[in-house]
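Please open the model in a viewer and keep the selection tool at hand. The stops below take the helix packing in turn, followed by the cysteines and the confidence of the prediction.

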Amino acid sequence: MFNYQELKKVATKYYPRERGYCAVIAISVAAQIPFGKARSLLYKKGRKEGRGTPSVWTHNTIKELGYSVIMDDNVYGWPKTLATATRKLPKRGTFLIHTRGHVSCLRDGVLEDWAADNNSRKRVLYVYKVKKARK
């Protein structure tokens, strides 16, 4: 199982100069792939070390891994902050939660992000549901 704590350890041990890797962790948690593979896929799209990642690259990478990324238009009462998203979104399923300059992944009711530890009040901009694509 890939969770934030394990992925952060990998990032600090093997990629010490890496910063701004929230999209790498979100992809890794959503698709259940290793940190290095998610990082490599984003680098092929043009991501630079220590820099953030555009949302479109994050979504396209997840789609390439066989998932669909669907905009969630107020289905769950649109949480206003990351803290309320953890409470309001369904306890089953995977969601990408976009805030200003950041993306988090909520998987089966657990926010896999640094913001989970401090009950973050970052304002939610968009919520996307991630589902395994049908063939």
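Select H2 and H4 in this predicted model: their axes cross at roughly 25° and come within 10 Å. An angle under 35 degrees counts as roughly parallel, and H2 and H4 are therefore roughly parallel to each other. Viewed along the crossing, H2 passes H4 in a right-handed sense. Next, display the side chains that form the contact: Ala-23, Ile-27 and Ala-30 on H2, and Thr-58, Thr-61 and Ile-62 on H4. Coloured by class, this contact of H2 with H4 shows 4 nonpolar and 2 polar residues, with no charged residues.

Keep H2 and add H3. These two helices pack with their axes 9 Å apart, at an angle of about 120°. H2 and H3 are therefore oblique to each other, and their crossing is right-handed. Which residues make this contact? From H2, select Ala-23, Val-24, Ile-25, Ile-27 and Ser-28; from H3, select Phe-35, Ala-38, Arg-39 and Leu-42. The residues of this contact of H2 with H3 divide into 7 nonpolar, 1 polar and 1 charged. Ala-23 and Ile-27 deserve a label here, since H2 also uses them in its contact with H4.

Now hide H2 and show H3 (residues 35-45) with H4 (residues 55-64). The axes of H3 and H4 lie 10 Å apart, and the packing angle is about 120°. H3 and H4 are therefore oblique to each other, and H3 passes H4 in a right-handed crossing. On the H3 side, the contact consists of Leu-41, Leu-42 and Lys-45; on the H4 side, Trp-57, Thr-58, Asn-60, Thr-61 and Glu-64 take part. By class, the contact of H3 with H4 comprises 3 nonpolar, 3 polar and 2 charged residues. Leu-42 of H3 can stay highlighted, as this residue also belongs to the contact with H2. Thr-58 and Thr-61 of H4 likewise recur in the contact with H2.

For the next stop, select the sulfur atoms of Cys-22 and Cys-105. How many disulfides does a search of the whole structure find? The search returns 0 disulfides. Cys-22 is in no disulfide, and the nearest cysteine sulfur to it, that of Cys-105, is 11 Å away. Cys-105 is likewise in no disulfide, with the sulfur of Cys-22 as its nearest cysteine sulfur. A disulfide requires the two sulfur atoms to be within 2.5 Å.

Finally, colour the model by pLDDT. The protein averages 88, and 94% of the residues score at least 70. Which elements have the lowest and the highest mean pLDDT? Helix H5 (residues 82-88) has the lowest, at 86, and helix H2 (residues 22-31) the highest, at 95. Where pLDDT is low, the predicted coordinates should not be read in detail.

Methods:
Residues numbered from 1 in each chain as written. Predicted model: local features only at pLDDT ≥ 70, side-chain atom pairs only at ≥ 80, totals over all residues. Heavy atoms only, no water. pLDDT = per-residue confidence, 0-100. Helix = DSSP H or I, 4+ residues; strand = E, 2+ residues; numbered from the N terminus. Axes fitted to C-alpha atoms, helices over the stretch in contact; angles between N-to-C directions. Parallel < 35°, antiparallel > 145°, perpendicular 65-115°, else oblique. Left-handed = near helix turned anticlockwise from the far one by under 90°. Contact = heavy atoms within 4.5 Å. Nonpolar A, V, L, I, M, F, W, Y, C, P; charged D, E, K, R; others polar.
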